[in-house]
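Colleague: Please choose one part of this model and take me through it closely, in words a first-year student can follow. I would like to hear how its pieces connect.

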Amino acid sequence: MFSKNEFSIAFRYLKSKKKERSLSIIANFSLIGIMLGVAAIIVVMSVMNGFRDELVKRVLGINGHINFYSYNVRNKEDSFMDYRLMKKEISKYLETNSVKNIVDVYSVQPVVSMQVMISKSGRVSGALLKGVDFNELNKEKLITEKLTGMPLEALTNDEIIIGYSLANKLGVNIGDKINITSPIGRVSAFGTMPSVRSFTVGAIFNVGMSEYDSSLIFMPILTAEKFIGKKEFEADFFELYTNNPEQIELLKTEFISKNSNLRILTWKEMNSSLYGALKVERNVMFLILTLIVLVASFNIVSSLVILVKNKSKDIAILKTLGASKQSIVRIFFIAGASLGFMGTVFGVLLGVVISTNLNKIKLLLDKLTGADLFSQEIYFLSTLPSKIIYTDVIFITCTALIISFVATIFPAKKAGKTDPIEALRYE
């Protein structure tokens, strides 16, 4: 479709000459504009992907990927939910081939939870108490890798795990005792009296999210049941953890299809506001940054319009020698598309390099400015997260190329309509 001569003429028109130096500057600005726009989109999208992954990793490291809040398995002698029977029923579903093909489940654990009040030497704070099986909790790397103190398997029934911020607020260290007050207590002549019990801080975790570090307590489930006033083996809900949480919706659909009485929530539903905000923000930022490429494409239009005007005599001569209108259009399309293509390629390379070395660049800027541009105390992350998703890079590349190519159509058609008689009238 495109001949060798058309490419040769197009590239020659883009070369800098003394009398056409202003044109070359405009062409260079067009290329740089596309390059910076594409690089900016890739860097920002990589940072947002990194933030999303870090936040989701912390949310999923504490809470179940899918939670069972009710189930039709009851103890035969009573009406409470017996988690031994419940776990057997869930395990049956997990053993089916249809479920195995969807997700890889590595932990299923019962949970009892309640809002409690904790105190130490006159300092008081509210907290969420979660009674869990420490053997199952030990499978969560986010907890075990950020744990100080006794290992989980060495903790006794009277030892608990609290968050780093909560420990600082109460002024406690590992080995100290704290008082925990449950709103459900014993009945007396004066009414229901809150239950108070002393526990030892066996370990402290620090997952980097203030929501959990400042308000969460882990306690052995059997101890929690007695303290809260539940029956033995009674659970509030079940937490299920998988190695591929993004496929959790398929698992939910599969469970519901097998038992209509099952009421479950996925991690996306439990964190719908956060998940939705991240998704909307990502899409909006992409649209906003795409405007940079769109604006840069207008530079291509303006540079080609000037090129067509300056080369009107050359166009007339080419047409006189037998060049067709379509050939002239292709020549100027190649000239404009080349700017867009080179700008996009250089932009992709620049964006990937910056995204890959983002933390090194941050450290360099910190030294130059003398300020911490990404404070751990504010963002709860020690490093600037960045994750390059190459499907995003391909999509950004295609979008930039389409915008660049479309921008060349108008000036290229304008060149094709040049009248050789008018162009050579005064020559």
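Modeller: Let's begin with a term: buried means under 20% relative accessible area, exposed means over 50%, and partly exposed is in between (1.4 Å probe, protein chains only). This is a predicted model, where local features need pLDDT of at least 70 and side-chain atom pairs pLDDT 80 or more, while totals for chains, interfaces and linings use all residues. Residues are numbered from 1 along each chain as its sequence is written, and side-chain values use heavy atoms, without hydrogens and water.

My choice is the part around Asp53. At 26% relative accessibility, Asp53 counts as partly exposed. Asp53 has a salt bridge (a side-chain nitrogen of Lys or Arg within 4 Å of a carboxyl oxygen of Asp or Glu) with Arg52, at 3.7 Å from N to O. Asp53 also meets Lys387 in a salt bridge, here with 2.7 Å from N to O. Asp53 sits in helix H2 (residues 21-62), whereas Lys387 belongs to the loop between helix H16 (376-379) and H17, so this pair ties together parts that are 334 residues apart in sequence. Helices (H or I, at least four residues) and strands (E, at least two) are DSSP runs, numbered from the N terminus. H17 itself covers residues 390-416. Lys387, like its partner, is partly exposed, and its relative accessibility is 37%.

For context, the structure holds six salt bridges. Another one joins Lys130 and Glu239, whose closest N and O atoms are 2.9 Å apart. Lys130 is in strand S3 (residues 123-132) and Glu239 in strand S9 (residues 237-242), so this salt bridge links parts that are 109 residues apart in sequence. Lys130 is buried, with a relative accessible area of 4%, and Glu239 is buried too, at 2%. Back at our starting point, salt bridges with shared partners join Arg52, Asp53 and Lys387 into one network.

The strands of that other salt bridge are worth following. Strand S2 (residues 105-120) pairs with S9 in the antiparallel sense over six bridges; two strands pair if DSSP finds at least two bridges between them. Ser107, for instance, has Tyr241 in S9 as its bridge partner. S2 also runs antiparallel to S3, to which nine bridges join it, and here Gln115 has Leu128 as its bridge partner. Two residues lie between S2 and S3 in their hairpin, where Ser121 takes a positive phi near 50 degrees.

One more strand shows what being enclosed looks like. In strand S5 (residues 159-163), five of the five residues are buried, so the strand is largely enclosed by the rest of the structure. In a regular strand, side chains alternate between the two faces of the sheet. Glu159, Ile161 and Gly163 are buried on one side of S5, and Ile160 and Ile162 are buried on the other, so to speak a cover for both faces. S5 pairs with strand S8 (residues 216-220) in the antiparallel sense over two bridges, and Ile162 stands opposite Ile217 in S8.
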